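Q: Please take a close look at one part of this model, beginning with a strand pairing and moving from there to the surroundings of the ligand.

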Amino acid sequence: MERTDVLVIGGSAAGIVAATTGKTFYPDKSFMLLRKEKQVMVPCGIPYIFGTLENSEQNIIPDAALTNAGITFKIDEAVSVDQEKKICATADGTEIAFDKLVFATGSKPSVPPWLKGADLENVFIIPKDKMYLDQLRDKLMDLEKIVVLGGGFIGVEVADELRKIHKDVTIVEMLPYVLNLAFDEELASKAQACLIERGVHVRSNVRVKELAGNGKVSDVIFSDGESIKADAVILSTGYRPNVSLAQQAGLEINQLGFIKVNEYMRTANKDFFAVGDCAEKHSFITRSQKGVMLASTACAEGRIAGMNLYKLST
Ligand SMILES: Cc1cc2nc3c(=O)[nH]c(=O)nc-3n(C[C@H](O)[C@H](O)[C@H](O)COP(=O)(O)OP(=O)(O)OC[C@H]3O[C@@H](n4cnc5c(N)ncnc54)[C@H](O)[C@@H]3O)c2cc1C
């Protein structure tokens, strides 16, 4: 059995910051970070691998931040956590005993369950997974007509990048304008006009009913019966917190699907914390629960947890 004082599960924004901050505040404690992927993408840079950057290698978080800080890291998947015994089991059969655990397991793309045809060939998502994204990038190179389903920040960024490499791109958005969840009409309409000027087609105020094709996607069908052709469809329809591990460990999940934490990012168990996209968030002003997942917030939460790992008692 391996042993560490602090185990951080997740090696992206929140996990790295929680581990490095924790190590700064508690230099005598041993820290281990466990993550699934060999190389971690800079999440906010992902859309740019489709156009501006030459390849995904230019968008990697260096491991030096961890190794220089004296944090050991292990590439493996946590498959279960025993809350009482404080042991994490991994996919390769290792058991890791810990004193404190930080869940930084992030989020995953969510595919609308009602969307018929989402399993057709050439229908893609945008996960934070280098291997998947490299394959996606290669495939898109040979395809022309690309439909991006969802006009939020990620859909807009991906579409704009694909346009830079001269793809025929259409964003389909059910709200009146792209970015309408974040901005009011005045600003969202300007952003939409800007995209159109850059050559991106936008079909807003329209609902997608299904994706059609014979094995491979060929058409996007709207609820009013109209349709457009597509060689590929990219689903950019949101992300959901990845909380299955914490749930299996018996930690509370709030009604929006995030791991329940207090203002110190601590769960009801004093030795278990959660940070980043998997952790509960509140509006800064009203304190009501929110579902916005951002890297900036993830880093702030990582810092809060890291600082408070051993300071909070009872
Ligand atoms: C395309 C895209 C663009 C974005 N652009 C922006 C932006 O411009 N600005 C912004 O603020 N935010 C942006 N975001 C959001 C931002 O990426 C997230 O808020 C941020 O990545 C959250 O970091 P995290 O560490 O909480 O989770 P994640 O980045 O999701 O990382 C989770 C980590 O946990 C690991 N993990 C999960 N389960 C296990 C397990 N069982 N065992 C071991 N490891 C596990 C994963 O491998 C990964 O390392 C973007 C997101 C995407 C997808």
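A: Two strands pair if DSSP finds at least two bridges between them; strands are DSSP runs of E with at least two residues, helices are runs of H or I with at least four, and both are numbered from the N terminus. The model is predicted, so that local features need pLDDT of at least 70 and side-chain atom pairs count only at pLDDT 80 or more, while totals for chains, interfaces and linings use all residues. Residues are numbered from 1 along each chain as its sequence is written, and side-chain values use heavy atoms, without hydrogens or water.

Strands β6 (residues 78-82) and β7 (residues 87-90) run antiparallel and are joined by four bridges. They form a hairpin with four residues between them, and in that turn Lys86 has a positive phi of about 55°. Within this pairing, Ala78 has Thr90 of β7 as its bridge partner.

Ala78 also leads to the ligand, since Ala78 is among the closest of the 33 residues that surround the ligand (a heavy atom within 4 Å), together with Ser12, Glu37, Lys128 and Asp277. Polar contacts (N or O atoms within 3.5 Å) come from the backbone as well: oxygen atoms of the ligand lie 3.0 Å from a backbone N or O atom of Gly11, 3.3 Å from one of Ala104 and 2.9 Å from a polar backbone atom of Ala295. On its own the ligand has 1000 Å² of accessible area (Shrake-Rupley, 1.4 Å probe), of which the protein covers 89%. Two or more residues of the shell come from each of α1 (13-25), β2 (31-35) and α7 (295-308), and α7 gives the largest share, three residues.

Technical notes: A polar contact is a pair of N or O atoms within 3.5 Å; within protein, one must be able to donate a hydrogen and the other to accept it, and residues adjacent in sequence count only if both atoms are side-chain atoms.
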